[in-house]
Each structure stands twice: as C-alpha cells, then as structure tokens.
Amino acid sequence: MFDVVDIIAIKDYLKKLQKVVNFDHSFSFAGIRLVKKSKIDDILCCVYAKLPESYKKMLKTKVDVQRYNSVLCYGLLTKLLAKKFFLDKNLCIIHITEVNKLISSVILGIERDINNIEKLFEDHDN
C-alpha cells in the first residue's frame, strides 16, 4: 500500500501550486494570470516524483480514466498549466477559476484514487 506520508506531501505540493497561481503572478486581468513557468514546473515535478508508479501508468494509458476523477483532473490540470504566453515563453497563461477547481478536485480525490489504483494493480499482478 502507498505511504500516507507521500499522499500528504502530494496534497501539500498541490496546495503550494494553488498559492503560486493565486498570489505569485506577474500580471492579472479578468480571471487570467501570468505565472512564471519555472515555478509551476518546479512544483509539478515534486508532485510527479511523489506519485506512485501505478498512478503514473494510469495517467499515461488513460485506461478507465473516468473511474478516477483525480487522474482525469490532474491530466487536465497539467494541460492547462502548460499554456505559454505568446509574448514570453517563460510565462504561462493561467485561467484561475478552472485551475483552482481542478487542483481542489485532485486534492479531494487523490488519496482514494491512489488506494483504488494500487489495489487494482496488486490484484492484476496476482
């Protein structure tokens, strides 16, 4: 079973990501924020490093992704956070409402989904 400490760390990184997109932006206008790509990438790298291999496989294969809301939301989140600003490739365009909803959804469901995915992979291996 996946370590609870790692789940707590993942949630903490996601909350940190939420703070960065909400408060550490270069420019803000009408629900859109410009945030340094390096800050987003640093946090996403930490999240990805803590995710179990089974969860990463689920992200890549997209098999039964609708069964796991956090997997679906995490995939959408990474796509939204990858949109670069056309005038400066070091900045990302963040649609704050959508990104906040996705981060919150991932935080709410990731523990349950990790446990279910780990069980699925354990059953599959046996």
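## A pair within the sheet

K36 has L91 in strand 4 as its bridge partner. This pair belongs to a predicted model, and it offers a starting point for describing the sheet. Strand 2, residues 32-36, is joined to strand 4, residues 88-95, by 5 bridges. These two strands run antiparallel.

## The order of the strands

How many strands form the sheet, and in what order do they lie? The open sheet is formed by 4 strands in the order 1-2-4-3, with antiparallel pairing. Its edges are strand 1 (27-29) and strand 3 (84-85), each of which pairs on one side only.

At one edge, strand 1 pairs with strand 2 over 3 bridges, in the antiparallel sense. Here F27 stands opposite L34 in strand 2. At the other edge, strand 3 is joined to strand 4 by 2 bridges, and these strands also run antiparallel. In this part of the sheet, K84 stands opposite C92 in strand 4. A hairpin through 2 residues connects strand 3 to strand 4.

## The loop between strand 1 and strand 2

The loop between strand 1 and strand 2 contains A30. The backbone of A30 has a phi near 50 degrees, which is a positive value in a residue other than glycine.

Is A30 buried or exposed? A residue counts as exposed when its relative accessible area is over 50%. The relative accessibility of A30 is 69%, so A30 counts as exposed.

## A buried asparagine in helix 1

Helix 1 spans residues 4-23 and includes N22. Why is N22 classed as buried? The term applies to residues under 20% relative accessible area. N22 is therefore buried, because its relative accessible area is 18%.

Two further descriptions place N22 in its surroundings. A polar atom of the N22 side chain lies 2.9 Å from the backbone oxygen of Q18. When residues up to four places away in sequence are not counted, N22 touches R33, I96 and N100. Of these, R33 falls within strand 2, which covers residues 32-36.

## Summary

The predicted model contains an open antiparallel sheet with the strand order 1-2-4-3. Strand 2 is joined to strand 4 by 5 bridges, while strand 1 and strand 3 form the edges. Two residues illustrate opposite settings: A30 is exposed at 69% relative accessibility, whereas N22 is buried at 18% relative accessible area.

Technical notes
Residues are numbered from 1 along each chain as its sequence is written. This is a predicted model: local features need pLDDT of at least 70, side-chain atom pairs count only at pLDDT 80 or more; totals for chains, interfaces and linings use all residues. Side-chain values use heavy atoms; hydrogens and water are left out. Two strands pair if DSSP finds at least two bridges between them. Buried means under 20% relative accessible area, exposed over 50%, partly exposed in between (1.4 Å probe, protein chains only). A polar contact is a pair of N or O atoms within 3.5 Å; within protein, one must be able to donate a hydrogen and the other to accept it, and residues adjacent in sequence count only if both atoms are side-chain atoms. Contact means heavy atoms within 4.5 Å.
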